[in-house]
Structures are given as structure tokens and as C-alpha cells.
Amino acid sequence: MNYQRSSALFDQAKQYIPGGVNSPVRAFNAVGGNPVFIASAKGAYLYDVDGNKYIDFIASWGPLILGHAYEPVIDAVTEKAKKGTSFGTPTEIETEIAKLAVSMVPNIDKIRFVNSGTEACMSAVRLARGFTSREKIIKFAGCYHGHSDSFLIQAGSGAVTFGSPNSPGVTRGTAKDTLLAAYNNLEQVKEIVAANPNEIAAIILEPIAGNMGCIIPSKSFIEGLRALCTANDILLIFDEVMTGFRLGLGGAQQALQVDADIVTFGKVIGGGLPVGAFAARNEIMNFLAPNGPVYQAGTLSGNPLAMSAGLAMLQALQSRQEVFESLEEKTAYLHRGFDEKLKASGIPYQINRFGSMISLHFTEEPVIDFESAAKANNARFKKYFHGMLAEGIYLPPSAFESYFLNDAISYSDLDQTIAALERVLPSLM
Ligand SMILES: *Cc1c(COP(=O)(O)O)cnc(C)c1O
């Protein structure tokens, strides 16, 4: 494939935008090489500025579950735009989407819309701290909750210890309030809770993790967290920015049959526009300004264009609920196809899958947390990524990301993807 125009655009972009991108993972730093500039997309396909076509397994990192340029969403946004893009006043559509979201998701009475998943998680933690009058939170290594300070924390020296900042600019003061545990390790969380009595406001996690590849929580882990939170008056926050409205209308709470106290959303709920949201039962949400003392606001929060995209998306999902099952079947089909080719190759690998999320790690060990994900062979992943890209298959440019299937992907697209893997495998030996 020819990437001439993408390369030229990237050179220009780097002069004016740090690293040439507005979000780091787009820069291909984890896999090497230059990113591809996309000109347009429709259904399952991306088209780049050099005229190359790709089957897309990112779906804008999750939002476009019904495919690119999905007509009901495009029409809703276009119609809305003609009436004005923002007023800074309440609008009817905000209540419409709120009512619909509340009707779909278990355990929530009220929802507040923001502009990104980052904002949603940041606000959820502030609300949890305000509600419980406690300051510390527990998060899990490898779970991503956006780029706000409290979450950019890495493991300190001991296992049960304060985290340390994982980016310059995050203060030690902030880092000390975030305690870090390993995913799927309930014992460790119990130790942290025991060592910090009446100090933990919330435990936040991706109920199905998607930011270290796809990682599934064990039943005892997720149910144990729920029981631990209840016993210690800790709020359990499910970050469903990825899983919300992707695993089903009720998200991971429904899929896992575990109740959260606060749920955060992003991605699918915005239908491809910048939207995040957080939600909880009345008792908690009423703590939020202007009803309650916890401050949170946004000039463009609940923006009419964004809400029209999100509403059209949720309505489409509601009227086409079979889509979740059909996506899961397609993902299982891809899984079986990949299994067959990879087994035949003898290359060690792990595939994790839940609903329409799937990922491939080149390692012999089961991938259950950040540590096991990090042991995978990254040199092999880079070759795999670039080999697939050259075959017209657009995968996440990092081994630490889940693929997201969208409804527009056909079985013939999946067959092409599996055939591409077969052709790429010899170069990975
Ligand atoms: C993407 C993501 C976020 C951050 O959302 P942004 O809209 O990128 O700020 C938070 N949590 C999870 C689980 C995510 O996947």
C-alpha cells in the first residue's frame, strides 16, 4: 500500500500539534511507523487519504457499534445542527436521552452528561468522595479511566502501598490518595481496605477490562468486590465507558449480574460525538450541584448535537437489540478463525473475548491482569499489527487495546481478516 499522503500530512501535523496527534495512541508509538490519516468511513470500512481501504476493528475506539456514518445518527445530527449548535440553556433532548438511558441501565435513577469519559470518571470519583466524606480510592493496574490526575498512577514499591505518579505533572499529593491493586486479585484489595479503615471512598474498575487488551474478571473477583464494598461502605464504581451499551443495553452490570453504585459512560452513549456521563441512584446523584454540595459543571455538557447523536444511537440499539447477540456471534467466529490459524502456526498466544470485545496477546500464560498482559511479546505484536495493516485490516495500534466489532462488519469481512492473518503469520515466526 502507498501511504505517501498520510506521511506528508503527519510531517505537517507534527509541526503544529505535539506528536502530530490530539491523543497519543493514534501516533503509532507502540507499534512504530507513521499513522494513517483517514479521509472518510462508511459501515465497516475506513478510507485513508491515499485511497487505501481497511476493515475497521476499532470503531473510533468503541463508539461506532453500528458502523461508521450510521444514517439515523447522521440524520439526527444534521437536522439538529440546522436549529443551532448550543444555547447554554436546558433543552428537551437532554431529558429524552436521560430518561432512555435510565430505563436501560440497572441501578440508576439519574444521569449527568459531560463531554468525555475522562470527565465522567473524574466527576464520579469526586462525587464518591463527597458522598462518603472519604478521600482515598482504589484502582487497578492497567485499568484506564481517562487522563485525570487521580488515575495516572503506577505501582509504588510494595504491593499494598501508595501509588506514585505515572506522569510528570501529577502531584505526589494526588498520587497518595490513589491505591493500586492487581486486577483479578481480591485478596490484595481486601488487604488494602483493611490497612485503610474508613478511608476508602470508592473502588473503580473496568468491569470487563479493555485497556490492557480484553481481560475478563473472575466471578469471585467481581462478586467479592461488591461484597467488600457493601461491608465497608465503599462505593463501587463501574467504569462502563467501553462496556456501556456495548455488552447490551444494561452494560456490564447486566452481563455480570453485579450491581455498581456509580456507573460511568462514554463512547457508545455519544454515538461518535464527544459525550460522557455518570449515573447512580437518587441518594448519590442528589449530592451533585445544584441539588447538593459536590460541584460539577460544563459549558457544552448536554450539547444538542452530541445529545441528538447519542439519542439516535440508544434508540437504534433499543429497537435492534438482537444486534448484541449478533455481534457476539461475529466475535466468536473471528475467535474460532484466529484460533485455527494460530494453533496451526505454533506461535504462543492468548485470545480473550467478551461480547464484542476481543484481543490477542502473544504469550503462553493466561492474561488476567496487567502483569500477565505486559509479558506478551511486543516485537511480535508490532509485526502482526503492520502485517495486518498492509492487508487492509485496521487493528488497534497497541497490544494493550481491545478490538471493537461493529454491526456493519460482515462474515465475509471476517473471513478476509482470518485469511489475512494466515498470510501474515509466517512473518511472525
Ligand atoms: C476511553 C475510556 C475512558 C476515557 O474516555 P475519553 O472519552 O477518552 O476521555 C475512560 N474509561 C474507559 C474504560 C475507557 O475505555
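In what sense, and over how many bridges, do strand β14 and β16 pair? In this predicted model, strand β14, which spans residues 357–361, pairs with β16 in the antiparallel sense, over two bridges. M357 has F404, in β16, as its bridge partner. The pair belongs to an open sheet of three strands, with antiparallel pairing and the order β13-β14-β16. The edges are formed by β13 (350–354) and β16 (403–404); each has a single partner strand, so one side of each is left without a neighbour in the sheet. Helix α11, residues 322–345, packs on this sheet and touches β13 and β14. The direction of helix α11 makes about 175° with that of β13.

The ligand site was examined next. The residues around the ligand are S116, G117, T118, Y144, H145, G146, E206, N211, D239, V241, M242 and K267. By class, this shell divides into six polar, three charged and three nonpolar residues.

Polar contacts to the ligand involve both side-chain and backbone atoms of the protein. A polar atom in the side chain of T118 lies 2.6 Å from an oxygen atom of the ligand. At Y144, a polar backbone atom is 3.1 Å from a nitrogen atom of the ligand. At D239, an N or O atom of the side chain is 2.6 Å from a nitrogen atom of the ligand. On its own, the ligand has 380 Å² of accessible area, and the protein covers 83% of this.

How values were computed
Residues numbered from 1 in each chain as written. Predicted model: local features only at pLDDT ≥ 70, side-chain atom pairs only at ≥ 80, totals over all residues. Heavy atoms only, no water. Near = heavy atom within 4 Å. Polar contact = N/O pair within 3.5 Å; in protein donor to acceptor, adjacent residues only side chain to side chain. Areas by Shrake-Rupley, 256 points an atom, 1.4 Å probe, with all protein chains shown as cover. Nonpolar A, V, L, I, M, F, W, Y, C, P; charged D, E, K, R; others polar. Pairing = 2+ DSSP bridges. Helix = DSSP H or I, 4+ residues; strand = E, 2+ residues; numbered from the N terminus. Contact = heavy atoms within 4.5 Å. Axes fitted to C-alpha atoms, helices over the stretch in contact; angles between N-to-C directions.
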